[in-house]
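Please find below a colleague's note on this model, set out as numbered points. It is meant to be read beside the coordinates.

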Amino acid sequence: MSGQLTIGKLAGATGTKVETIRYYEQIGLLPAPARSASNYRTYDAGHLRRLSFIRRARDLGFSIDQVRELMGLADRRDQSCMAVDVIANQHRDAITRKIADLTALASELDALIDSCSRNTVADCRIIEALAPSV
């Protein structure tokens, strides 16, 4: 893409909602764009690259703070990538823990489903397990 982009075109090019773009500007992840004579936001190729980076990192599950750190590191291209590796390893470790938690949850649900007698709801072990014990 060349030239200036409206917020709608930037949103379309990156698959990002307009409100999200404004939020990223508000929190400083995306620099404020120039304004046209009619006071519309005008974005350039740098905004497109930066927003694409943010979107990809968010799609991979990195937090806003991690994205901010990664962008700061990406802006200093002569630095060692060890700090990037630390952030990526921490994120992978968190994902691994979540997968373990979800696997345990799936096993628990499997056990509940297997215990179902398929009679009436009054006899349902799943409903019983979900109901508060008062």
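The points below take up the annotated domain, one helix, a surface patch and a contact.

1. This is a predicted model, in which local features need pLDDT of at least 70 and side-chain atom pairs count only at pLDDT 80 or more, while totals for chains, interfaces and linings use all residues. Residues are numbered from 1 along each chain as its sequence is written, and side-chain values use heavy atoms, with hydrogens and water left out.

2. UniProt, in an unreviewed entry, places the feature "domain: HTH merR-type" at residues 4-73; such annotations may be inferred rather than shown by experiment. Over residues 4-73 the chain is 60% helix and 6% strand, with end C-alpha atoms 26 Å apart (helices are DSSP runs of H or I, at least four residues, and strands are runs of E, at least two).

3. In helix H4 the buried residues (under 20% relative accessible area, 1.4 Å probe, protein chains only) are Ile 64, Gln 66, Val 67, Leu 70, Met 71 and Leu 73. Their cover includes helix H2 (18-26), helix H3 (45-59) and H5.

4. Leu 102, Leu 105, Leu 109 and Ile 113 form a nonpolar surface patch with about 360 Å² of accessible area together (its residues have over 30% relative accessible area and no salt bridge, nonpolar side chains being joined within 5 Å; a salt bridge is a side-chain nitrogen of Lys or Arg within 4 Å of a carboxyl oxygen of Asp or Glu). Ile 113 lies in helix H5 (residues 82-114).

5. Leu 112 is also found in helix H5, and Leu 112 and Arg 125, 13 residues apart in sequence, are 6.5 Å apart in space, C-alpha to C-alpha. Not counting residues up to four places away in sequence, Leu 112 touches Arg 125, Ile 126 and Ala 129 (contact means heavy atoms within 4.5 Å).

Conventions. Patches are made of residues with over 30% relative accessible area and no salt bridge: like charges are joined within 9 Å, nonpolar side chains (Val, Leu, Ile, Met, Phe, Trp, Tyr) within 5 Å. Accessible areas come from the Shrake-Rupley method with a 1.4 Å probe; for residues, only the protein chains shown count as cover. Buried means under 20% relative accessible area, exposed over 50%, partly exposed in between (1.4 Å probe, protein chains only).
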